Amino acid sequence: MLRYHRDMALQAGVSRVIRVCDSTVGSRSLRLALLDEIRRFIGFDAFAWLLTDPETEVGADPVADVPSLSELPRLIRLKYLTTVNRWTKLSGPLGLLRSATGDRRELSLVWREMLSSYDVGDVASLVFRDHFGCWGFLDLWRFGGEAAFTAQEAHNLTGIAGPVTEALRMAQARTFDLLGGDLTRNGPVVLALSPELGVRTQTPETDGYLRQLVPTGTGQPPIPAGAYNVAAQLLAAESGVDDHPPAARVHLAEGKWLTLRAARMGGSEVPGEQDIAVTIEPTSPAERAALYIRAWALSTREAELVGHLAAGGDTREVADRMYISTNTVQDHLKSIFAKTGAPNRRTLLARASGR
């Protein structure tokens with residue numbers, strides 16, 4: 001009887017999560033609301049939930065509660081260099097540390113080098129992926145040397161992956177409707193990191209961007225979490241752990257998108273000892289449109305049509321280029337308008353390109 005009531009409580013928790021997905025707008029508020037619901041039916045002691053660029057799968061825009069912010073660069077570096085339950089390598093939506101290692105948690109680099117010192121018993125790693133890309137990943141930590149997530153808890157976490165993935169994608173899609181002004185800069189926006197991801201120096205405008213990307217309390221320095229992530233991906237690529245490029249597109253505010261990229265700097269002849277430069281720049285119209293297409297789940301033909309429209313073609317020209325009739329062009333446009341909520345071509349292209 002006790003097990004029956006426990007199972008019913010878990011199922012009710014999953015139902016509440018799905019309701020949150022249907023009712024909450026905004027990726028940050030969505031994640032916070034979902035964490036509140038998940039905590040009600042699956043206990044955890046710490047967490048890190050990052051949105052990812054759906055194409056490069058590199059993290060940005062974190063919501064996290066970890067034991068020591070001072071060790072955040074080290075945690076992110078180890079997370080990206082760890083192959084066990086890496087979000088880019090999971091065959092399904094969920095991986096459990098104990099299950100993946102056969103209770104030999106030391107096989108996980110991040111557990112062996114860091115999490116073990118915090119007495120982390122188990123980690124549930126949930127990835128939010130669909131046909132259009134990877135939209136985020138969530139790590140739930142459970143403290144206590146022998147603590148473990150149960151099979152029932154794993155089942156319920158797997159059950160929420162689908163609706164949460166769609167909710168995250170839609171939260172990203174809706175940011176394109178908030179057309180603000182152009183991003184203006186007085187100079188380059190660059191953050192220099194050490195090979196261990198310690199902050200070396202930065203250009204004057206970097207501070208302002210970082211504060212908008214990850215808001216902090218008054219008087220506290222900004223947390224360059226997005227920069228840590230793209231730099232850590234550079235390390236992962238160099239180590240052969242993952243071959244995605246060290247770049248991520250992230251929403252700043254009011255429909256504005258930034259692209260972060262990492263590359264090695266000069267100054268050392270020893271491979272791996274050069275500092276890392278992270279550049280922050282407005283996302284180009286082409287990169288923004290590609291993300292818009294993924295976020296709104298446009299089909300291949302619909303995406304092709306948006307590309308032709310962005311190149312300046314009218315209905316007849318687009319029809320000729322796509323070898324379809326003008327009526328079919330109009331049908332595709334109606335489908336795109338229905339998916340995106342754009343009322344006309346001008347608005348569609350403005351939202352997609354940011355111009």
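**Helices, sheets and holes, term by term**

Guide: Helix H10 and helix H13 are roughly perpendicular to each other. This is a predicted model, in which local features need pLDDT of at least 70, side-chain atom pairs count only at pLDDT 80 or more, and totals for chains, interfaces and linings use all residues. Residues are numbered from 1 along each chain as its sequence is written, and side-chain values use heavy atoms, with hydrogens and water left out.

Visitor: What makes H10 and H13 roughly perpendicular?

Guide: H10 (residues 300-310) and H13 (residues 345-353) pack at about 95°, with axes 11 Å apart. The label covers 65 to 115 degrees (under 35 is roughly parallel, over 145 roughly antiparallel, the rest oblique), so 95° earns it. The axes are lines fitted to C-alpha atoms, for helices over the stretch in contact, and angles run from 0 to 180 degrees between N-to-C directions. Helices (H or I, at least four residues) and strands (E, at least two) are DSSP runs, numbered from the N terminus.

Visitor: Which residues of H10 and H13 meet?

Guide: Val306, Leu309 and Ala310 in H10 meet Arg345, Leu348 and Leu349 in H13, contact being heavy atoms within 4.5 Å. That gives five nonpolar residues, no polar ones and one charged. Ala, Val, Leu, Ile, Met, Phe, Trp, Tyr, Cys and Pro count as nonpolar, Asp, Glu, Lys and Arg as charged, and the others, Gly among them, as polar. The charged one is therefore Arg345.

Visitor: How do you know that E6 and E10 pair?

Guide: Strands pair if DSSP finds at least two bridges between them. Strand E6 (residues 190-193) and strand E10 (residues 276-282) have four and run antiparallel, so they pass. One example: leucine 191 has valine 278 in E10 as its bridge partner. E6 also pairs with E7, through three antiparallel bridges, and leucine 193 stands opposite valine 199 in E7. Five residues lie between these two strands of the hairpin, and leucine 197 there takes a positive phi near 75°.

Visitor: Why are E7 and E8 said to stand at the edges?

Guide: The open sheet runs E7-E6-E10-E9-E8, with antiparallel pairing. E7 (199-202) and E8 (247-253) each have a single partner strand, so one side of each is left without a neighbour in the sheet. Neighbouring strands are turned by 25° against each other on average, direction ignored. Helix H7 (residues 206-213) packs on this sheet, touching E6, E7, E8, E9 (256-264) and E10, at about 80° to E8. Helix H8 touches those five strands too, and makes about 40° with the direction of E9.

Visitor: Which strands are the edge strands of the sheet that contains E3?

Guide: They are E2 and E3 (94-96), each pairing on one side only. The order of this open, antiparallel sheet of five strands is E2-E1-E5-E4-E3, and its twist averages 15° from one strand to the next. E3 joins E4 through three bridges, with leucine 94 opposite leucine 126 as bridge partner; three clears the minimum of two, so E3 and E4 count as a pair.

Visitor: What makes an empty space a cavity, or a pocket?

Guide: On a 1 Å grid over the protein atoms alone, a cavity is a set of points where a 1.4 Å probe fits but cannot get out; a pocket is an open set with protein on both sides within 12 Å along at least five of seven lines. Lining residues have an atom within 4 Å of a point. Points join across faces, edges and corners, and volume is the space filled by probe spheres set on them.

Visitor: What lines the largest cavity?

Guide: Among others, Ala60, Asp61, Pro62, Leu210, Gly226 and Val250 do. Its volume is about 40 Å³, and the structure holds one cavity of 30 Å³ or more. E2 gives the most to the lining, three residues. The lining divides into nine nonpolar, one polar and one charged; Asp61 is the charged residue and Gly226 the polar one, by the classes above.

Visitor: How many residues line the largest pocket?

Guide: There are 31, with Ala48, Leu50, Ala64, Val66 and Leu75 closest to the centre. The pocket's volume is about 550 Å³. H3 supplies the largest share, five residues. By class, the lining has 22 nonpolar, five polar and four charged residues.
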